[in-house]
Amino acid sequence: MVFDVIEQLQRSQSMSELPEILKSVSDIVEFDYFLFGLAIPNTITNSDVLMFDNYPSEWRKSYDSEGYVKRDPIVQYSISSYLPITWSQIMESSDYKKKDLEIMWEANANGLKAGFSVPIHGTIGEFGMISFASSIGTSEQQMKYADAIPVIQMVIPALQDTIRRLRAAQEKEPQAKLTKREIECLTWATEGKSSWEISQILGCSERTAIFHLTNAATKLGATNRYQAISKALLSGVINPSFS
């Protein structure tokens, strides 16, 4: 059934289809609730946030109005971790303040009795997580984690690819197309090289290096080379070299 979900994601034509697909995933792993959140950076200081869930509405209202996202232990864990974690593991951990763990108890009182979360980290700085929760207590759900978590780990890459594809289709302007020389100049600029140093590395004049950097900035809609570097990295125009 998980492969059917992946096929649905690959065929999807709109973000509006994702909540229903995520609900079908929660049915497969036999958890009542799901929450998917992903922040996708546009610049270093600005991100688009996608959020889909079927959590109890009163709990979501309370969570949002109290600004719990800033203290939520699950969010804290997901920021710096990659491995799945059960909520009982977080509750038993000494890494979080008692006041913050009270958020988990409040969630429990609102029907989210047990659950697990999987952090999501993307290649261009995306950050988020996907969580599944049950109205049944931890002891009853314990046996399901071993089967559920691998399913979610299979779905996440397909979900990320789908979101990337749908966002690209929504873009009014195509991604900037930089020449090989412009990419080389920007790549060396990320290493802190000056225009003169770049010219020496690439065997061209400093004026030519500046010309390529200026063209790259213009194509990326940046006002200077530093903003151009930021936009190029976040859009995937330049990537770390593995050669």
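Arg181 is partly exposed in this predicted model, at 30% relative accessibility. Its salt-bridge partner is Glu184, with the closest N and O atoms 2.8 Å apart. Glu184 is likewise classed as partly exposed, with a relative accessible area of 23%. The two sit 3 residues apart in helix α8, a separation of about one helical turn. In general, an α-helix has 3.6 residues a turn, so residues three or four places apart point the same way.

Staying with α8 (residues 180–190), let's look at what it hides. Glu182, Cys185, Leu186 and Ala189 are buried. These four span an arc of only 95° around the axis, which puts them on the same side of α8. Among the elements covering them are α9 (195–202), α10 (206–220) and α11 (225–235). Just after the helix comes Gly192, with a positive phi of about 85°.

Now for the wider set of charged contacts. The count of salt bridges comes to 12. Three of the pairs are set out here:

| Pair | Closest N to O distance |
|---|---|
| Arg181 and Glu184 | 2.8 Å |
| Arg167 and Asp48 | 3.2 Å |
| Glu126 and Arg164 | 3.3 Å |

Arg167 belongs to helix α7 (residues 138–170) and Asp48 to strand β2, so their salt bridge ties together parts that are 119 residues apart in sequence. Arg167 counts as buried at 17% relative accessibility, while Asp48 is partly exposed at 31%. The bridge between Glu126 and Arg164 also reaches α7: Glu126 lies in the loop between β4 and β5, so this pair links parts that are 38 residues apart in sequence. Here Glu126 is buried, at 8%, and Arg164 is partly exposed, at 39%. Elsewhere, salt bridges with shared partners join Asp53, Arg60 and Asp64 into one network.

That loop leads us to the sheet. Its 5 strands form an open, antiparallel arrangement in the order β2-β1-β5-β4-β3. β2 (47–53) and β3 (85–86) stand at the edges with a single partner strand each, so one side of each has no neighbour in the sheet.

Which strands pair with β5? Strand β4 (residues 114–121) pairs with β5 (residues 127–134) in the antiparallel sense over 8 bridges, and strand β1 (residues 33–41) is joined to β5 by 7 bridges, also antiparallel. On the β4 side, Ala114 stands opposite Ser134 and Ile120 opposite Gly128; on the β1 side, Tyr33 faces Ala133. Because 7 of the 8 residues of β5 are buried, this strand is largely enclosed by the rest of the structure. β4 and β5 form a hairpin with 5 residues between them, and Gly125 in the turn has a positive phi of about 90°.

Notes:
Residues numbered from 1 in each chain as written. Predicted model: local features only at pLDDT ≥ 70, side-chain atom pairs only at ≥ 80, totals over all residues. Heavy atoms only, no water. Pairing = 2+ DSSP bridges. Buried < 20%, exposed > 50% of the residue type's maximum accessible area, 1.4 Å probe, protein only. Arc of directions from axis to C-beta. Contact = heavy atoms within 4.5 Å. Salt bridge = Lys/Arg side-chain N within 4 Å of Asp/Glu carboxyl O.
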